[in-house]
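Visitor: I should like to take a close look at a single part of this protein. Please describe one helix, the way it is packed, and the wider setting in which it sits.

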Amino acid sequence: MGLLDGLRAALGLRAEADARRDADPEDLFGMSTAYLTMEAELGYDSLGVGALCFSGVDSHSFRETVGEVEAILEAGRADTGTDFRVTEDDHGYHWVVLEDADPEDLITSMHFAADTFIEHGYGSRLLAAVFGYESGDSAARHRDGGGDAAGAGGTAYWIYSFRRGAYYPFAPRPGRERDSSAEFKLESALDGELEIEREKEYWYPLWPSSSGTHPWE
């Protein structure tokens, strides 16, 4: 579906070898101010959806941990209103997909999920957290019934690599092209507000399976 086999090298084994530090879910709260900058200064609105990517382990303990993540998110649904689902893509990677119109609640729910993995000793299985955004003009077109939901002109993502402890922007376009200009603009605007990945070889593209879908689909 959303990931190519190279993800294991880019966000998995290679990033683990070059890891800056252990996974820290507190870094996700950086998005609590970043989404305001995205909206006010860059004209990007939150898509109200994000996802946590992790690699699985064939063990009873790990399955119990995933079950606890689901239980925690279910318990918090009444307070945050965050909908969620756990999926697996064709490459064997797993996703906790979260949907919430309130970016603060989305970030909080993402933190709960990531923190649960870490508390149970599975922080090394966390690969990435992905937050979706869309330029205001594109969002308006989609509300009016025009254009794809993702992968079109104004869609962009902030991707947090747990192994590297840093964020990078990803602006996919049809034909598996990247909008380098948009990514540079996002980097420049959020530098200092987010911990940006300085080594661009780690800006790995999480291509969706087809135009109009998200990386986790």
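Guide: What follows is an account of helix α2 and its surroundings. The model is a predicted one.

The protein as a whole provides the frame. Six helices and eight strands make up the protein, and from the N terminus their order is α-α-β-α-β-β-α-β-α-β-β-β-β-α. Of the 217 residues, 53% count as buried. The protein exposes about 9,400 Å², of which carbon and sulfur atoms supply 47%. Among contacts with a separation of 6 or more, 73% are between residues 24 or more positions apart.

Helix α2 itself spans residues 31-42. Its buried residues are M31, S32, A34, Y35, T37, M38 and L42. These buried residues pack against several elements: the helices α4 and α6 (180-190), together with the strands β1 (44-55), β4, β5 (155-161) and β6 (166-170). Directly after α2 comes G43, with a positive phi near 75°.

One of these partners, α4, can be described in more detail. Two packed helices are described by the angle between their axes and by the distance between the axes. For α2 and α4 (residues 103-119), the angle is about 150° and the axes are 9 Å apart. Their crossing is right-handed. On the α2 side the contact involves M31, S32 and Y35, which meet P103, E104 and I107 of α4. By class, four of the residues in this contact are nonpolar, one is polar and one is charged.

M31 has a further role in the description, since it also appears in the largest nonpolar core. That core has 57 residues, and those with the most contacts inside it are M31, L28, L52, F117, F131, W158 and F162. Strand β4 (residues 126-135) contributes seven residues, the largest share of this core. F117 can be followed further: leaving aside residues up to four places away in sequence, F117 touches L52, F54, F62, T65, V66, V69, Y122, G123 and L126.

Helix α3 (residues 60-80) offers a residue with a less enclosed setting, I72. I72 counts as partly exposed because its relative accessibility is 29%, and partly exposed covers the range between under 20% and over 50%. With residues up to four places away in sequence left out, I72 touches F112 and T116. The C-alpha atoms of I72 and S109 are 9.0 Å apart, although the two residues are 37 apart in sequence.

Another partner of the buried residues of α2 is α6, and K185 lies in that helix. K185 is partly exposed because its relative accessibility is 49%. Between the C-alpha atoms of K185 and P169 the separation is 9.4 Å, with their positions 16 residues apart along the chain.

A last point concerns backbone geometry. Most residues other than glycine have a negative phi. R176 is a residue other than glycine with a positive phi, near 55°. R176 lies in the loop between β7 (172-173) and β8 (177-178), and R176 is partly exposed because its relative accessible area is 43%.

How values were computed
Residues numbered from 1 in each chain as written. Predicted model: local features only at pLDDT ≥ 70, side-chain atom pairs only at ≥ 80, totals over all residues. Heavy atoms only, no water. Core = buried A, V, L, I, M, F, W, Y, C linked by side-chain atoms within 4.5 Å. Buried < 20%, exposed > 50% of the residue type's maximum accessible area, 1.4 Å probe, protein only. Helix = DSSP H or I, 4+ residues; strand = E, 2+ residues; numbered from the N terminus. Contact = heavy atoms within 4.5 Å. Axes fitted to C-alpha atoms, helices over the stretch in contact; angles between N-to-C directions. Left-handed = near helix turned anticlockwise from the far one by under 90°. Nonpolar A, V, L, I, M, F, W, Y, C, P; charged D, E, K, R; others polar. Areas by Shrake-Rupley, 256 points an atom, 1.4 Å probe, with all protein chains shown as cover.
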